[in-house]
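Reader: Got a minute to walk me through this one? I'd like to start with the ligand.

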Amino acid sequence: MGGLNIKVAIMGAGLSGLACAITLEKYGIYPTIFEKRSRAGDRFVNAEIFLSILNKPVYDAIAFLGDQYGIYLQPTSHIHSLVLYSERQKAEIQGHLGFCNLRGRDKKSFENQLSRQVKSQIIYNSKYTYEQLAQDFTHVVMATGDADYAVKMENFRTDYASTLNGYNVSGDFNRYTIRVWMNNRIIPDGYGYLVPVSEKEANIVIWYPKYPRQPDLNYQALLENFLQTVSAELQQNFTILEHFEINDYQIGICQNPRIGNTYFTGNCFGSITPYLGFGQFVAILTGIYAALDICGTHQYSNLTKPLRQNYENSLVLRKAWERFDNRQFDRMVNFFGSPLGNKLFTSGHFDVVKLASYLARPWIRKRKTIL
Ligand SMILES: Cc1cc2nc3c(=O)[nH]c(=O)nc-3n(C[C@H](O)[C@H](O)[C@H](O)COP(=O)(O)OP(=O)(O)OC[C@H]3O[C@@H](n4cnc5c(N)ncnc54)[C@H](O)[C@@H]3O)c2cc1C
């Protein structure tokens with residue numbers, strides 16, 4: 001690989017930046033990674049998930065990343081059961097549904113696992129701006145986990161801003177079970193979830209879009225109320241270990257994944273699915289894809305086309321979600337609890353999000369636009 005004249009800067013040592021570096025190294029290119037924090041994953045610890053139903057046509061994201069791209073990740077557990085709650089219904093889906101993993105300071109976090117696989121230099125406490133890097137390097141990979149630069153460069157369409165408000169709690173948990181609540185009385189327009197960190201710790205989180213039509217919601221009160229709901233369901237009193245809140249998390253997508261020799265990856269690309277706010281898999285993929293383009297084997301714009309389409313499909317589902325009342329959530333949960341619903345969740349390659357987004361399009365057209 002003729003990487004002699006190529007000098008790559010990666011801005012951000014998170015999922016997309018590190019996946020990009022590992023892939024470049026396989027082709028003999030050693031980038032310089034600039035990270036603003038003092039080490040990889042230097043933030044609160046939280047549990048995140050890979051949900052197979054969102055990553056179609058890929059079924060097992062962890063196996064896929066290892067087999068196809070040599071990106072090796074160890075999740076904390078696989079997910080064997082997803083329990084869904086609406087106002088009046090509860091359903092359990094069982095099967096191989098995905099994985100739970102850690103993020104942040106923990107040494108088993110995905111950032112830390114990836115940074116141990118990287119041989120290239122990582123410059124911590126970096127204060128370099130994009131403009132400075134663009135002067136000194138032939139290629140710059142934007143992997144900062146936010147859309148700030150893409151917005152500044154007028155290369156990002158923001159669809160909405162969201163907030164995550166959650167607790168890390170101690171209690172007794174089944175590490176193979178995640179729980180999701182969809183109930184407008186508890187979390188209007190959003191949803192709440194419990195994801196285990198271990199048998200003794202879990203994250204209890206509410207995720208909600210910030211819409212101007214709901215300026216007066218007290219989100220901390222919503223979280224407290226949600227904690228009580230979970231506590232009652234699991235018949236436990238949890239001990240709160242840590243509180244975390246991410247505000248104004250931009251959900252949107254860049255117009256051009258590559259401008260000149262600058263690549264937008266991870267959340268800078270638009271990896272977060274508007275429907276549920278998941279972005280890990282696409283973040284890693286875009287990092288890999290940018291590297292493949294820099295190495296000259298593929299074109300980034302072509303590789304990211306299906307990801308853009310998935311984003312748009314997911315946005316349709318978010319718009320449908322906005323129009324759901326609690327009765328419709330009840331019906332949805334009921335359906336997913338049925339044998340057919342279970343099958344859709346666990347079927348190998350069938351793209352449920354795509355199908356649902358096509359079915360939802362005429363339905364949302366009939367209703368007033370909210371987003
Ligand atoms: C609380 C929370 C829960 C989530 N849960 C899920 C989930 O369950 N499933 C899922 O799939 N997704 C989830 N997501 C989304 C997922 O975490 C992100 O989509 C993914 O991490 C994005 O990867 P990235 O590489 O773009 O950014 P990150 O992995 O966040 O990395 C960005 C890196 O860039 C660094 N950086 C920032 N600015 C600069 C700068 N100016 N210079 C140098 N470095 C900089 C940061 O310090 C950081 O290390 C969640 C997000 C949050 C916040």
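Author: Sure. Keep in mind that this is a predicted model. A polar backbone atom of F34 sits 3.5 Å from a nitrogen atom of the ligand.

Reader: OK, and which residue has a polar backbone atom 3.1 Å from an oxygen atom of the ligand?

Author: That's L15. A143 also has a backbone N or O atom by an oxygen atom of the ligand, at 3.4 Å.

Reader: How much of the ligand's accessible area does the protein cover?

Author: 91% of it. On its own, the ligand has 1000 Å² of accessible area.

Reader: Which residues come nearest to the ligand?

Author: S16, E35, E48, I49 and N267, out of 29 residues around it.

Reader: And how does that shell divide into nonpolar, polar and charged?

Author: There are 12 nonpolar residues, 12 polar ones and five charged ones.

Reader: Which helices and strands each supply at least two residues of the shell?

Author: Two helices, α1 (15–26) and α7 (280–294), plus two strands, β3 (46–51) and β12 (239–254).

Reader: Which gives the most?

Author: β3, which puts three residues into the shell around the ligand.

Reader: Switching topic: α7 and α2, how do their axes sit?

Author: The axis of α2, which is residues 61–69, comes within 11 Å of the α7 axis, and the two cross at roughly 10°. Angles under 35 degrees count as roughly parallel, so α2 and α7 are roughly parallel to each other.

Reader: Which residues meet there?

Author: On the α2 side, A61, F64, L65 and Y69. From α7 you have F281, I284, L285, I288, Y289 and L292.

Reader: What's the split into nonpolar, polar and charged for that contact?

Author: The contact of α2 with α7 has 10 nonpolar residues, no polar ones and no charged ones.

Reader: Now the backbone. Where is the cis peptide bond?

Author: Between K56 and P57, with omega at about 10°. P57 belongs to the loop between β3 and α2. So that loop runs from the strand that gives the most to the ligand shell to a helix whose residues meet α7.

Reader: And Q235, what's its phi?

Author: Near 50°, which is a positive value in a residue other than glycine.

Reader: Where does Q235 lie?

Author: In the loop between α6 (219–234) and β12. You've met β12 already: it supplies at least two residues of the shell around the ligand.

Terms used. Residues are numbered from 1 along each chain as its sequence is written. This is a predicted model: local features need pLDDT of at least 70, side-chain atom pairs count only at pLDDT 80 or more; totals for chains, interfaces and linings use all residues. Side-chain values use heavy atoms; hydrogens and water are left out. A residue is near a molecule or strand if one of its heavy atoms lies within 4 Å of it. A polar contact is a pair of N or O atoms within 3.5 Å; within protein, one must be able to donate a hydrogen and the other to accept it, and residues adjacent in sequence count only if both atoms are side-chain atoms. Accessible areas come from the Shrake-Rupley method with a 1.4 Å probe; for residues, only the protein chains shown count as cover. Helices (H or I, at least four residues) and strands (E, at least two) are DSSP runs, numbered from the N terminus. Ala, Val, Leu, Ile, Met, Phe, Trp, Tyr, Cys and Pro count as nonpolar, Asp, Glu, Lys and Arg as charged, and the others, Gly among them, as polar. Axes are lines fitted to C-alpha atoms, for helices over the stretch in contact, and angles run from 0 to 180 degrees between N-to-C directions. Angles under 35 degrees count as roughly parallel, over 145 as roughly antiparallel, 65 to 115 as roughly perpendicular and the rest as oblique. Contact means heavy atoms within 4.5 Å.
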